[in-house]
Amino acid sequence: VQLQASGGGLVQAGGSLRLSCVASGSVFRINVMGWYRQVPEKSRELVALITDAGTRYGDSVKGRFTISRDKAKNSAYLQMNSLKPEDTAVYYCNADGFKDSDYNSFGSWGQGTQVTVSS
């Protein structure tokens, strides 16, 4: 299963961006889709994830970012509002689920998309 992330870019502080992630290939069911971010010399951190049970956000983005999902399109989206310079990072899409009706699992990462917030 391949993930294609898009939507990153350069934005001024206080602005908004919307990231998209599409899963392709052998996808039977996606259990969770999420966004993580990473800056140099730091570990990757959770931004947001979504399952059938609900959503979960990193503390630093609560109230500003919203994750959503389109199951029919095997896609997830991250609406980022009120962006801050500290949101600058490479954002990675992640998905876990099953490839077929035999419940062979997959776990995939997208290639990353750069988000830069200027002050």
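**Exercise 1. A salt bridge and its two ends**

Is Glu 45 buried, partly exposed or exposed? Start from this residue and work out its pairing.

*Solution.* The model is predicted: local features need pLDDT of at least 70, side-chain atom pairs count only at pLDDT 80 or more, and totals for chains, interfaces and linings use all residues. Residues are numbered from 1 along each chain as its sequence is written, and side-chain values use heavy atoms, with hydrogens and water left out.

Step 1. Fix the scale. Buried means under 20% relative accessible area, exposed over 50%, and partly exposed in between (1.4 Å probe, protein chains only).

Step 2. Read off Glu 45. Its relative accessible area is 36%, so Glu 45 is partly exposed.

Step 3. Find the partner. Glu 45 forms a salt bridge with Arg 37, with 2.6 Å between the closest N and O atoms. A salt bridge here is a side-chain nitrogen of Lys or Arg within 4 Å of a carboxyl oxygen of Asp or Glu.

Step 4. Classify the partner. Arg 37 has a relative accessible area of 6%, so Arg 37 is buried.

**Exercise 2. The surroundings of Arg 37**

Place Arg 37 in the fold and list its side-chain partners.

*Solution.* Step 1. Arg 37 sits in strand E4. Helices (H or I, at least four residues) and strands (E, at least two) are DSSP runs, numbered from the N terminus.

Step 2. Check polar contacts. These are pairs of N or O atoms within 3.5 Å; within protein, one must be able to donate a hydrogen and the other to accept it, and residues adjacent in sequence count only if both atoms are side-chain atoms. The side chain of Arg 37 has one such contact with the side chain of Glu 45, at 2.6 Å. The side chain of Tyr 91 makes another with that of Arg 37, at 2.9 Å.

Step 3. Widen to contacts, meaning heavy atoms within 4.5 Å. Residues up to four places away in sequence are not counted; the partners of Arg 37 then include Val 47, Phe 65, Asp 87 and Tyr 91.

**Exercise 3. Other salt bridges**

How many salt bridges does the count come to? Describe two that do not involve Arg 37.

*Solution.* Step 1. The count comes to 6 salt bridges.

Step 2. Take Arg 64 and Asp 87. Their side chains meet in a salt bridge at 2.7 Å, N to O. Arg 64 lies in the loop between E6 and E7 and Asp 87 in the loop between E8 and E9, so the pair ties together parts 23 residues apart in sequence. Both Arg 64 and Asp 87 are buried.

Step 3. Take Lys 71 and Asp 52. Their salt bridge spans 2.5 Å, N to O. Lys 71 is in the loop between E7 and E8, Asp 52 in the loop between E5 and strand E6 (54–57), 19 residues apart. Both Lys 71 and Asp 52 are exposed.

Step 4. Connect the pairs. Arg 37, Glu 45, Arg 64 and Asp 87 are linked in a network of salt bridges.

**Exercise 4. The disulfide**

Which cysteines form a disulfide? Give its geometry and placement.

*Solution.* Step 1. Apply the criterion: a pair of cysteine sulfur atoms within 2.5 Å. A search of the whole structure finds 1 disulfide.

Step 2. Cys 21 and Cys 93 form this link, with sulfur atoms 1.8 Å apart. The angle about the S-S bond is -80 degrees, and the link of Cys 21 and Cys 93 is left-handed.

Step 3. Cys 21 is in strand E3 and Cys 93 in strand E9; the pair links distant parts of the chain, 72 residues apart.

Step 4. Cys 21 is buried because its relative accessibility is 0%. Cys 93 is also at 0%, so Cys 93 counts as buried.

**Exercise 5. The nonpolar core**

Identify the best-connected members of the largest nonpolar core, then examine two.

*Solution.* Step 1. A nonpolar core is a set of buried Ala, Val, Leu, Ile, Met, Phe, Trp, Tyr and Cys residues joined through side-chain atoms within 4.5 Å.

Step 2. The largest has 28 residues; Met 33, Trp 35, Val 47, Phe 65, Leu 78, Met 80 and Tyr 91 touch the most other members. Strands that each supply at least two residues of this core include E3 (17–24), E4 (29–38) and E9 (89–98).

Step 3. Inspect Phe 65, in strand E7. Its relative accessible area is 2%, so Phe 65 is buried. Beyond four places in sequence, Phe 65 touches residues including Arg 37, Val 47, Leu 78 and Tyr 91.

Step 4. Inspect Leu 78. With residues up to four places away left out, its contacts include Trp 35, Val 47, Phe 65 and Tyr 91.
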